[in-house]
Amino acid sequence: MKIFCIALAVVTVMASTFLIIKYHILMNLALNARTRNLLSSNGKEEIPARELEIRRQMREDGEWLKSLPREDVDILSRDGLRLVGHYIQAKGQTKRLIVLFHGWRGSWTGDFGSIGKWLYEIGCDLLLVEQRAQGASQGKYMGFGVLERRDVAEWMRYLEQERHNTLPVYLGGVSMGAATVLMAAGDELPDFVQGVLADCGFTSPYEMLYEVGRKSLRMREHPSMDYVDMIVRFHARFGIREYSTPESLKKTRLPVFFVHGLADDFVPCRMSREAYAACSSRKELLLVEGAGHVRSFFYDNENYRCRVEDFFGWSGQS
């Protein structure tokens, strides 16, 4: 009996240790972009020809975007981090300024080469932000939009006070960048902010982390997510239940254009539907058949561009 009890205790400790390690892996994977992505593809599965072509175009357009004349700028976040951005002036007469926020473990060239090319060609200045804890910006942990929404406010303050901006400004983001701008949409922003473009945004850190943990680590919601919330609070100083895009959108005044690919297997399409339903301002939702995560621009390019330009009233100005 004594041996059985000891064995049971050892098994219990080992199982608990395994679970704790698993939760810490999820926290680091999700919030620390400087660590290796342990859940990334091992490269053995075959990539469809269409996806290969999209990736080729994204690389090519990203290099084009990087080659444009630009002004590298930086601001200080509310918690003392140096955040970096890249200001690209439109060719010819500037009609508006688009401030773009890339996604989780993304980059300004990788996520916005193709979209940036379209916006640049229709007379938009671009401010491409490197989000906290990613790229050249400082920080150890990403905030899944909860911390980044405050960074949006600081970038708007920079435009207002340092650049004395007079252009209409639109916030744009993909994936976590979309969640960032949607969460910021309900905050008090300068009057020059005129709208939001959100492609494949998620609803909250809680729901997104649970989605990843459920699929990749076979996590159960409870008590797993309660423990994840605790360690995120301890390390990154925010709560994964602290804020959500639906909460923000219930109080926004800004027009919001939502986009989501119906074949997105990373951020479920239902999250954009939920955010759209909660939005109290003028809104539109574009769902693209067959498009995966942040692929709608490539699968339905002309419709994507026309719908966005018409919604924001850019068509007559381009």
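The buried residues of helix α11 pack against a wide set of elements, and I shall begin with them: α3 (108-121), β5 (169-174), β6 (193-199), β7 (256-261), β8 (283-288) and α10 (296-299). I should say at once that this is a predicted model. The residues of α11 that are buried are Tyr304, Val308, Glu309, Phe311 and Phe312. Around the helix axis they cover an arc of only 165°, which puts them on the same side of α11. The face turned away from that buried side carries Glu302 and Asp310, both exposed.

As for its length, α11 comprises residues 301-312. Its 12 residues, at 1.5 Å a residue, should span 16 Å, and the end C-alpha atoms lie 17 Å apart, which agrees. Just after α11 comes Gly313, which takes a positive phi of about 75°.

One of the strands I named, β8, contains Val288. Is Val288 buried or exposed? Its relative accessible area is 3%, and buried means under 20%, so Val288 counts as buried. Setting aside neighbours within four places in sequence, the contacts of Val288 are His260, Gly261, Leu262, Ser296, Tyr299 and Asp300. Ala263 is 25 residues away from Val288 along the chain, and the C-alpha atoms of the two are separated by 8.2 Å.

Let me place these details within the whole chain. The protein chain has 318 residues, of which 54% count as buried, and it contains 11 helices and 8 strands. Among contacts with a separation of 6 or more, 75% are between residues 24 or more positions apart.

I turn now to helix α2, residues 49-67. With 19 residues at 1.5 Å each, α2 should span 27 Å, and its end C-alpha atoms are indeed 27 Å apart. Which residues of α2 are buried? They are Glu51, Ile54, Met58, Asp61, Gly62 and Leu65. Seen down the axis of α2, these buried residues fall within an arc of 110°, so they line one face of the helix. On the other side, Ala49, Arg59, Glu63 and Ser67 are exposed. The cover over the buried residues of α2 includes β2 (82-88), α3, β4 (124-130) and α10. Helices α3 and α10 are thus among the elements that pack against the buried residues of α11 and among those that cover the buried residues of α2.

Helix α5, residues 176-184, presents another picture, being mostly covered, with 9 of its 9 residues buried. Those buried residues include Met176 and Met183, as well as Gly177, Thr180 and Val181.

Next, the internal spaces. How many cavities of 30 Å³ or more does a search of the whole structure find? The search finds 5. The largest cavity has a volume of about 70 Å³. Its lining consists of Met58, Gly110, Asp111, Phe112, Gly113, Ser114, Ile115, Val294, Arg295, Phe297 and Phe298. Met58 is also one of the buried residues of α2. Helices α3 and α10 each supply at least two residues of this lining, and α3 gives the most, with 6 residues. By class, the lining of the largest cavity has 6 nonpolar, 3 polar and 2 charged residues.

Among the open spaces, I shall discuss the second largest pocket, whose volume is about 180 Å³. It is lined by 15 residues, and those nearest its centre are Asp79, Leu81, Arg132, Leu147 and Ala236. Which classes of residue make up this lining? It divides into 4 nonpolar, 3 polar and 8 charged residues. At least two lining residues come from each of α4 and α7 (224-236). Helix α4 gives the most, with 3 residues.

Finally, I would draw attention to Asp151, which lies in helix α4 (residues 148-161). Although Asp belongs to the charged class, Asp151 has a relative accessibility of 4% and therefore counts as buried. Not counting residues up to four places away in sequence, Asp151 touches Ile75, Ser77, Leu83 and Arg132. Of these, Arg132 is one of the residues nearest the centre of the second largest pocket.

Notes: Residues are numbered from 1 along each chain as its sequence is written. This is a predicted model: local features need pLDDT of at least 70, side-chain atom pairs count only at pLDDT 80 or more; totals for chains, interfaces and linings use all residues. Side-chain values use heavy atoms; hydrogens and water are left out. Helices (H or I, at least four residues) and strands (E, at least two) are DSSP runs, numbered from the N terminus. Buried means under 20% relative accessible area, exposed over 50%, partly exposed in between (1.4 Å probe, protein chains only). Contact means heavy atoms within 4.5 Å. The expected span of a helix is 1.5 Å times one less than its number of residues. The arc is that of the directions from the helix axis to the C-beta atoms. On a 1 Å grid over the protein atoms alone, a cavity is a set of points where a 1.4 Å probe fits but cannot get out, and a pocket is an open set with protein on both sides within 12 Å along at least five of seven lines; lining residues have an atom within 4 Å of a point. Grid points are joined across faces, edges and corners, and a volume is the space filled by probe spheres set on the points.
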